[in-house]
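Me: I'm new to this structure and would love a close look at one part of it. Could you start from one residue and work outwards, keeping it casual?

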Amino acid sequence: MYPRQIRSFFTTATHYQGEVDCRNRRSGIGQQVQRNGLLYEGSWRDGLRHGHGIVYRKEPGTTDLYVKIYVGAWEGGRKHGFGVKYYKRGKYVGFWRRDQRSGRGFMWSDSGNFYMGHWLGDRFDGLGTLLEGGTGNLYQGEFRGGQKHGEGLYVHSRTGQIQRGFWMEGVFRTGTLEDWNRNQVLWPTVYPIPEVNLHPGFENIKS
């Protein structure tokens, strides 16, 4: 086991300052500034980001103002494990796999959209809950490839109705629609669903 050394060196696109191993590779704790305005502070192994680290983005038109855009785990140079990603108009908190959101995670945006559930390959995939900020409508159920796909429940918050059934590639295919809390919503539907009563003589039939 060779002791790590502190080095500072430049390449055509980066400037690194921190620990290196016996082969002069980034290993240990170090900071790297890139010409594209990104700055990484954290752990390295074998020349790659590995362990816990933070990425900052330099604000355009400034010389030393950096904004945090990712905090979390890395493996082999990629986001991998639990991490928080800050977008210009949103935030993701959850798990990553090879630079993609995969596993359990939460994401919300300034527009009011919110998703909580499972991800795969940077898309909603599996069980999840999606709140649409523009309408206030809510979907709870199965997703595939970023779309509603499988069994689910969709709440129309403005009209006071609920859809239950099955979706395929984002399209509702089959199920039921029922009134729910219709008298207390802001814009109740003008097409209420009538109550269904048994024909006289069938009231006492039991399954």
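Is Arg101 buried or exposed? And which residue does Arg101 form a salt bridge with?

Reply: Arg101 is buried: its relative accessibility is 12%, and the cut-off for that word is under 20%. Keep in mind that what you're looking at is a predicted model.

Now for the partner. Arg101 makes a salt bridge with Asp122, and their closest N and O atoms are 2.8 Å apart. That pair connects distant parts of the chain, since Arg101 belongs to strand E9 while Asp122 is in the loop between strand E10 (114-120) and strand E11 (123-131), with their positions 21 residues apart. Unlike buried Arg101, Asp122 counts as partly exposed, with 29% relative accessibility. Elsewhere, Asp21, Arg25 and Asp46 are joined into one network by salt bridges that share partners.

Arg101 has something else going on: it lies over the face of Tyr92, 5.9 Å from the ring centre. If you like that arrangement, you can find another one at Arg49, which lies over the face of Trp74 at 5.0 Å from the ring centre.

Let's step to a neighbouring piece of the story. Lys79 and Asp99 form a salt bridge too, with 3.3 Å between the closest N and O atoms. Lys79 is in strand E7 (residues 78-87) and Asp99 is in the loop between strand E8 (90-97) and strand E9 (100-109), so this salt bridge ties together parts that are 20 residues apart in sequence. Have a look at how covered the two ends are: Lys79 counts as buried at 15% relative accessibility, whereas Asp99 is partly exposed at 33%. So in both pairs you have a buried residue, Arg101 or Lys79, bridged to a partly exposed one, Asp122 or Asp99.

For another case, try Glu59 and Arg57, whose side chains meet in a salt bridge of 3.4 Å, N to O. Here both ends are partly exposed: Glu59 has a relative accessible area of 25%, and Arg57 comes in at 26%. The search over the whole structure turns up six salt bridges.

From the loop that holds Asp122, you can carry on into the strands on either side and look at the aromatic rings. The count for the structure is 17 aromatic pairs. One of them is Tyr115 with Trp119: the ring centres are 5.3 Å apart and the planes stand at 90°, so the pair is edge-to-face. Tyr115 is buried, with a relative accessible area of just 1%, and Trp119 is buried as well, at 2%. Phe124 and Phe143 make a further edge-to-face pair, this time with 5.5 Å from centre to centre and 75° between the planes. This pair also links distant parts of the chain, with Phe124 in strand E11 and Phe143 in strand E12 (residues 138-144), 19 residues apart. Both Phe124 and Phe143 are buried.

Now back to Arg49, the residue over the face of Trp74, because it leads to another spot worth a look. Arg49 is among the residues that Gln32 touches, and that list also includes Thr14, His15, Tyr16, Leu38, Leu39, Tyr40 and Trp44, leaving out residues up to four places away in sequence. Gln32 is in strand E3 (residues 26-34), and it counts as buried at 7% relative accessibility. Its side chain also has a polar contact of 3.1 Å with the side chain of Arg26.

For contrast, click on Gly175 in strand E15 (residues 171-179). Gly175 is partly exposed, with a relative accessible area of 47%. Setting aside neighbours within four places in sequence, Gly175 is in contact with Arg164 and Gly165. Its C-alpha atom is 9.4 Å from that of Glu151, which is 24 residues away along the chain.

Finally, zoom out. The chain has 15 strands and zero helices. Of its 207 residues, 32% are buried, a group that includes Arg101, where you began. Among contacts with a separation of 6 or more, 8% are between residues 24 or more positions apart. The chain exposes about 13600 Å², and 53% of that comes from carbon and sulfur atoms.

Methods:
Residues numbered from 1 in each chain as written. Predicted model: local features only at pLDDT ≥ 70, side-chain atom pairs only at ≥ 80, totals over all residues. Heavy atoms only, no water. Salt bridge = Lys/Arg side-chain N within 4 Å of Asp/Glu carboxyl O. Buried < 20%, exposed > 50% of the residue type's maximum accessible area, 1.4 Å probe, protein only. Helix = DSSP H or I, 4+ residues; strand = E, 2+ residues; numbered from the N terminus. Polar contact = N/O pair within 3.5 Å; in protein donor to acceptor, adjacent residues only side chain to side chain. Contact = heavy atoms within 4.5 Å. Areas by Shrake-Rupley, 256 points an atom, 1.4 Å probe, with all protein chains shown as cover. Phe/Tyr/Trp six-rings, centres within 6.5 Å; stacked < 30°, edge-to-face > 60°. Lys NZ or Arg CZ within 6 Å of the ring centre and 35° of its normal.
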